Amino acid sequence: MSDETKASGVSRRGFLSGTAAGAAAIPLLTSEGHAQEIVPGDVGVAAIEMTLRVNGQTRRVRADIRASLLDVMRDRLELTGTKKGCDAGHCGACTISLNGERRLACLTLAVRHQGDEITTIEGLGTPGNLHPMQDAFVRHDAFQCGYCTPGQIMSAVACIETGNAGSRDQIKEFMSGNICRCGAFPNIVAAIEDVRDAGLVTEQGT
Amino acid sequence: MRSFQLLRPRSVDTAVEMMAAHPEAQYVAGGTNQIDMMKAGIHRPSHLVDIAGLGLDRITDRGDVIRLGALASNTALATDPLVLEHVPMVSQTVLEGATQQIRNVATTAGNILQRNRCPYFYVPGTRCNRKVPGTGCDAVGGFDRLNAIFGTSESCIAVMPSDLVIALRAYDATVRVTGPEGAREIPFAEFHLLPGDTPEVETALRPGEMILSVDVPKATALTSRYHKIRERRSYAFALLSVGGAARVEDGRITEMRLAAGGVGTVPWRLPQVEAALVGEAPGPDLFERAAALSREGAVIGRQNSFKLPLLERAIVRVLTDITEV
């Protein structure tokens, strides 16, 4: 590593030169198409430039290399729909979709997922045009405080899409990574059954 | 969290070279438990060598064995047709662990390398020889309800918490690795190390070595079952678990493999119980007599004596399931 890198933590140049040692190209820092301006702000000494694909948009951002995707989205991209509960992979409040699979954004290093297609609750529906799962959660009163709800909904969609919503017991098992402290579980399961039965979300080929 | 540099090798050889060049580097693949450890300051890598995308995620039929790529996701292990046909306990154990979100990203290698869940390991301000070697162990004589009763030492009583390792131990898997000194194979029985005086040394991996795959001998002719007991129905580590695989021919047990989780500092095989069963006609009396042998070598703490009778009952339950004709 160069002295410059040591002095500045991880600069963009240091980051690139560090990888060049292994003859690795980073396909990540190139801007694609209509990338927005880099989000300004103080992000600490280990800041690097990242390009993320979130909800169909290309977003360029400076963020700490250690930052989780959750923190980058909430603090840097103003996508606060994804919630931070435990920040340790226990509660599921930060569940997002990454290349079509549900993931925990709190355990996901943003820097490793440039170029991946990320979908958050903001990418699912809008207030005037709710996604069928959002609509079902409203109709079934599948929440009280609402804090876990974005993660529940992201997980619920994936639960059906991956074919793991066949029975009530299966839904409960495959939703067990999303904890609701208000205890809305019966209504959450009912909402998922409703959407499944109506064919509004269907199993996707793998 | 200590800052790090991210290195993205394009080949396994380059990854191994990168690790050799940076003594404080770690490989990163799924990055679940590892990120937890970094957030907690227990892991402090200077570099992360990102080995995702090196083609280590395949599950293949290699004749006598099913080869589980080091980076095959837990979801893939749970659903792969080869796994389900030939080594079904691998799928059963994975589905009994974690959640779908975690299984989608957690890998074969990461699962068997996951750190223990002893509360004294995680909480700041407690003495733990795995966290800081030589500082002592507050779990011994402390809150030890979830801790091990087999393979313990005065230095450590933490359970190896993985479910998957129980299937791999019962099936006599082999871990294929490569590293600065070349490739080698490690029998699964020798992969996890008893804590002894050096509990911080958890596996037989040498510095810089990378797991390439875990090869599992086909158990197609056996009936396999994993039974896990936990404090809630889903998404909890095992209070105790038993994995068994058996073959019954002409009314006699001709092959038997038994391993237990939630009880050992390493995946705990039960050879004395197996030996008492092979050659015998399956039945409740035999099962109870054999299961009673599982107590051999147990060291009980303050709050975990319940594991001994629970282990016996779980063994009987699994034996009943896997010897039904």
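Start with helix 5 of chain A, residues 149-161, and helix 7 of chain A, residues 185-198: in this predicted model, their axes come within 10 Å and cross at roughly 45 degrees. Because that angle falls outside the roughly parallel, antiparallel and perpendicular ranges, helix 5 of chain A counts as oblique to helix 7 of chain A. As for handedness, helix 5 of chain A passes helix 7 of chain A in a right-handed crossing.

Now look at who does the touching. From helix 5 of chain A come Gln152(A), Ala156(A) and Ile160(A). Helix 7 of chain A brings Phe185(A), Ile188(A), Ile192(A), Val195(A) and Arg196(A) to the contact. Sorted by class, the contact between these two helices has 6 nonpolar residues, plus 1 polar and 1 charged.

On to the cysteines. How many disulfides are there over all chains? The count comes to 0. Take Cys91(A), which is in no disulfide: the nearest cysteine sulfur belongs to Cys86(A) and is 3.8 Å away. A disulfide needs the two sulfurs within 2.5 Å, so Cys91(A) and Cys86(A), at 3.8 Å, don't make one. Is Cys91(A) buried or exposed? Cys91(A) is buried, with a relative accessible area of 16%.

Over in chain B, why does Cys128(B) have no bond to Cys118(B)? Cys118(B) holds the closest cysteine sulfur, but that atom is 6.2 Å from the sulfur of Cys128(B), which is too far for a bond. Cys128(B) also counts as buried, at 10% relative accessibility.

Key: Residues are numbered from 1 along each chain as its sequence is written. Chains are lettered from A and ligands numbered from 1 in the order in which they are written. This is a predicted model: local features need pLDDT of at least 70, side-chain atom pairs count only at pLDDT 80 or more; totals for chains, interfaces and linings use all residues. Side-chain values use heavy atoms; hydrogens and water are left out. Buried means under 20% relative accessible area, exposed over 50%, partly exposed in between (1.4 Å probe, protein chains only). Axes are lines fitted to C-alpha atoms, for helices over the stretch in contact, and angles run from 0 to 180 degrees between N-to-C directions. Helices (H or I, at least four residues) and strands (E, at least two) are DSSP runs, numbered from the N terminus. Angles under 35 degrees count as roughly parallel, over 145 as roughly antiparallel, 65 to 115 as roughly perpendicular and the rest as oblique. A crossing is left-handed if the near helix is turned anticlockwise from the far one by less than a right angle, and right-handed if clockwise. Contact means heavy atoms within 4.5 Å. Ala, Val, Leu, Ile, Met, Phe, Trp, Tyr, Cys and Pro count as nonpolar, Asp, Glu, Lys and Arg as charged, and the others, Gly among them, as polar.
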